[in-house]
Amino acid sequence: MADKSRQKPTILVADDDIEILALVTRHLRRMDATILEASDGEEALKVARREKPDLVVLDVMMPGMSGWEVCRAIREDASLEGTGVIMLTGIGERLNEMTSPLYGADDHLDKPFDFDELDKRVASVLQKKGHP
């Protein structure tokens, strides 16, 4: 197994809102990370299974598979063990706070969000998953 502490992390961003997807992707590219994109739940799961990202930033409300369904599928896939998941959504803070852990998410962030807060949560989840 590769030493994850020596290679840059791979982060998959999934959101059906192309403006949010572009904003988050552009922002995360500033990190020393490989950034992947998906515009719906099925694509996100397909990319996750193919690329084995270290972290997935998932919108909840997407056509087809919701972010919660993708999160559950990631948690049930042994090949994705150790993949971090952050739910990024505008469904409401209380609902996100209560529901995200039920599906196995490591963290959640409500839209609209602050990029500094996104950075903190991304760094925290990556650190918990073995990235410096």
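Student: In this predicted model, which residue in E3 does Ala-14 stand opposite?

Tutor: Ala-14 has Leu-58 of E3 across from it. That pair is a good way in, since we can now look at how the strands line up. Strand E1, residues 10-14, is joined to E3 by 4 bridges, and the two run parallel.

Student: And which strand do 5 bridges join to E3?

Tutor: That is E4, residues 84-89, again running parallel to E3. Here you can take Asp-59 as your marker: Leu-88 in E4 is the residue opposite Asp-59.

Student: How do I read burial along a strand? Is E3 mostly covered or mostly exposed?

Tutor: Start from the cut-off: a residue counts as buried when its relative accessible area is under 20%. Strand E3 covers residues 55-59, and 5 of its 5 residues are buried. Then check the directions: Leu-55, Val-57 and Asp-59 point one way, while Val-56 and Leu-58 point the other way, and all are buried. For the protein, buried residues make up 47% of the 132 residues.

Student: What unit do E3, helix H3 and E4 make?

Tutor: A right-handed β-α-β unit, with H3 spanning residues 67-76.

Student: In what order do the elements of the protein run from the N terminus?

Tutor: The order is β-α-β-α-β-α-β-α-β-α, and the secondary structure comes to 5 helices and 5 strands.

Student: What about contacts and surface?

Tutor: Take the contacts between residues at least 6 apart in sequence: 58% of these join residues at least 24 apart. As for the surface, the protein exposes about 7100 Å², with carbon and sulfur atoms supplying 49% of it.

Terms used
Residues numbered from 1 in each chain as written. Predicted model: local features only at pLDDT ≥ 70, side-chain atom pairs only at ≥ 80, totals over all residues. Heavy atoms only, no water. Buried < 20%, exposed > 50% of the residue type's maximum accessible area, 1.4 Å probe, protein only. Pairing = 2+ DSSP bridges. Right-handed = clockwise from strand over helix to strand, strands pointing away. Contact = heavy atoms within 4.5 Å. Areas by Shrake-Rupley, 256 points an atom, 1.4 Å probe, with all protein chains shown as cover.
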